[in-house]
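This briefing goes through one protein structure by topic. Keep the sequence and the 3D view open while reading.

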Amino acid sequence: MSDFIIFSIDVFASLFIFILAMGLLVVVCFYISDVTQSKQAIRRNYPVIGRFRYFFERQGEFFRQYFFAMDREELPFNRADRSWVYRAAKNVDRTTAFGSTQSLDATGTIMFMNCAFPTLDEEALEPSYVTLGPYCKTPYATNSLFNISGMSFGALSKPAVRALSRGAKLAGCWMNTGEGGLSPYHLEGGADIVFQIGTAKYGVRDELGKLSVDKLQAIAAHQQVKMFEIKMSQGAKPGKGGMLPGAKVTAEIAQIRGIPEGQDSISPNGHPEVKSPADLLDMINKVRDITGKPTGFKAVIGEFAWLETLFAEINKRGIESAPDFITVDSADGGTGAAPQPLMDSVGLPLRESLPLLVDLLKKHGLRERVKVIASGKLIVPSKVAWALALGADFIVSARGHMFSLGCIQAMQCNKDTCPTGITTHNERLQRGLDVTDKAQRVANYNKYIHYGAGLIAHSCGVTSARELARHHVRVVQENGLSEPLDKMYENYQ
């Protein structure tokens, strides 16, 4: 027995010395590598030790997210809002205690004006149905206030798209394909589909990259495809086309999009055939005539004189020539890869662009004809209700539904390393996303958005969220006092 103990001690001592020697060898190699390289000054001046800077820099994101950021501080979405989405998706208690963590003094704080005589439960109504495309062969009517915004198969994984499709069907909302074309996984759940036509025409392009009539008709032949959305620009990168890294362009995605496998997929920053408001109307009417279904466009609003020209052209041609809807995206939108200068500094946020669009439509007598869809960080009931009060007919959200799938805001959407399996094609990481469970969470989240927006509406004394108006909302100004939305925007433009 004693011989065995001595032998074990000798083995462990030898192993320790070997590990120590290997560690010293690694340190020496790192030292030589650091002092001889010329790309990083920190490593050259502080060999070996300087490497810890990059390690801590990467870990800082994690520690800020979980330990140091307060509930209302973190960007792009704070912990309080994310936590509400998670609880709603899991169908667990969504109440809070001991007062709000949201400051009511901060400039921009939204406050809904409760009525002295709120709407009683027995007086409350479901949101009314709204019809899009009254001049189409196949109009689309829905009462869903909150829907899934454009996220393409390719940017999202197969199980993520499948879960969203099934969840949308359970919730009774629509699902936008994003610019990556129509996959079998969008159709799988049986949900209503909005097909997005991006600048590269993925899924409806011919050999030259132009719009294919035959492929458009084939897409429209699917009964689930209810509308077509022409994407002019999006919040993450206004003025630049979509970007899908080559590592995500699998054989299947390449086939659906009509592009080469394994190569970076970069869309043009605009539709080559659309150079003016008149050209945009021509394209809208072409798609609508070919498909027979409601057609509109999506854009981030920046310079807006072109909208005046567009609306004047509609009235010149006739009201039937108008887009059936306009999706206005906030400058702070976006889920995927985008250049930081565009994501940070280009375009108007929704608080300016949404009322601007609504008021311009009213000015030109087109408000009833053209439905308005709002997009951009609207992931909780209060933000949805605020957008409805500003004049939106519908709300769409991408990142809210990503959170309902389990997204933890790891901000690795563009790296194919998403730890929750939502934005990666790594099958090992995708295994963590259970389609059946996540589909139910998507439906739960959508349900409680509608419920929460209804709660706010009833508190304000109206029977449903669609009846909310600007006079129901006040916003805190720089002097600490609030001002009603209708007064804030009475001379806006």
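Strand 1 (residues 110-112) and strand 14 (residues 473-476) pair in the antiparallel sense, with three bridges between them. Strands pair if DSSP finds at least two bridges between them; strands (E, at least two residues) and helices (H or I, at least four) are DSSP runs, numbered from the N terminus. The model is predicted, and local features need pLDDT of at least 70, side-chain atom pairs count only at pLDDT 80 or more, and totals for chains, interfaces and linings use all residues. Residues are numbered from 1 along each chain as its sequence is written, and side-chain values use heavy atoms, with hydrogens and water left out.

**The sheet**

- Strand 14 also pairs with strand 15 (residues 482-484), again in the antiparallel sense and over three bridges.
- Three strands thus form an open sheet in the order 1-14-15, with antiparallel pairing.
- Strand 1 and strand 15 are the edge strands, as each pairs on one side only.
- On average, neighbouring strands of this sheet are turned by 30° against each other, direction ignored; the axes are lines fitted to C-alpha atoms, for helices over the stretch in contact, and angles run from 0 to 180 degrees between N-to-C directions.
- Phe 112 has Val 473 in strand 14 as its bridge partner.
- Val 475 has Glu 483 in strand 15 as its bridge partner.
- The hairpin of strand 14 and strand 15 has five residues between the strands, and Gly 480 takes a positive phi near 90° there.

**The loop after strand 1**

- Thr 119 is found in the loop between strand 1 and strand 2 (130-132).
- Thr 119 counts as buried because its relative accessibility is 11%; buried means under 20% relative accessible area, exposed over 50%, and partly exposed in between (1.4 Å probe, protein chains only).
- The side chain of Thr 119 reaches the backbone oxygen of Val 462 at 2.9 Å. This is a polar contact, a pair of N or O atoms within 3.5 Å; within protein, one must be able to donate a hydrogen and the other to accept it, and residues adjacent in sequence count only if both atoms are side-chain atoms.

**Helix 16 and helix 4**

- Helix 16 has 25 residues and reaches 36 Å from its first C-alpha to its last, close to the 36 Å expected at 1.5 Å a residue. The expected span is 1.5 Å times one less than the number of residues.
- Asp 434 caps the N-terminal end of helix 16, with a side-chain oxygen 3.4 Å from the backbone nitrogen of Thr 436.
- Gly 461, just after helix 16, takes a positive phi of about 90°.
- Helix 4 has 12 residues and reaches 16 Å from first C-alpha to last, close to the 16 Å expected.
- The buried residues of helix 4 are Ala 80, Asp 81, Arg 82, Trp 84, Val 85, Ala 88 and Ala 89.
- An α-helix has 3.6 residues a turn, so residues three or four places apart point the same way.
- Asn 91, just after helix 4, takes a positive phi of about 60°.

**Aromatic rings**

- Rings of Phe, Tyr and Trp (its six-membered ring) pair if their centres lie within 6.5 Å; planes under 30 degrees apart count as stacked, over 60 as edge-to-face and the rest as tilted.
- The count by this rule comes to nine aromatic pairs.
- The rings of Trp 84 and Tyr 445 are an edge-to-face pair, because their planes stand at 65°, with the centres 6.3 Å apart.
- This pair links distant parts of the chain: Trp 84 is in helix 4 (residues 79-90) and Tyr 445 is in helix 16 (residues 435-459), 361 residues apart.
- Trp 84 and Tyr 445 are both buried.
- The rings of Phe 195 and Phe 228 have planes at 55° and centres 5.8 Å apart, so this pair is tilted.
- Phe 195 in strand 6 (residues 192-197) and Phe 228 in strand 7 (residues 225-231) are 33 residues apart, so this pair also links distant parts of the chain.
- Phe 195 is buried at a relative accessible area of 0%, and Phe 228 counts as buried at 0% relative accessibility.
- Trp 84, Phe 146 and Tyr 445 form one aromatic cluster.
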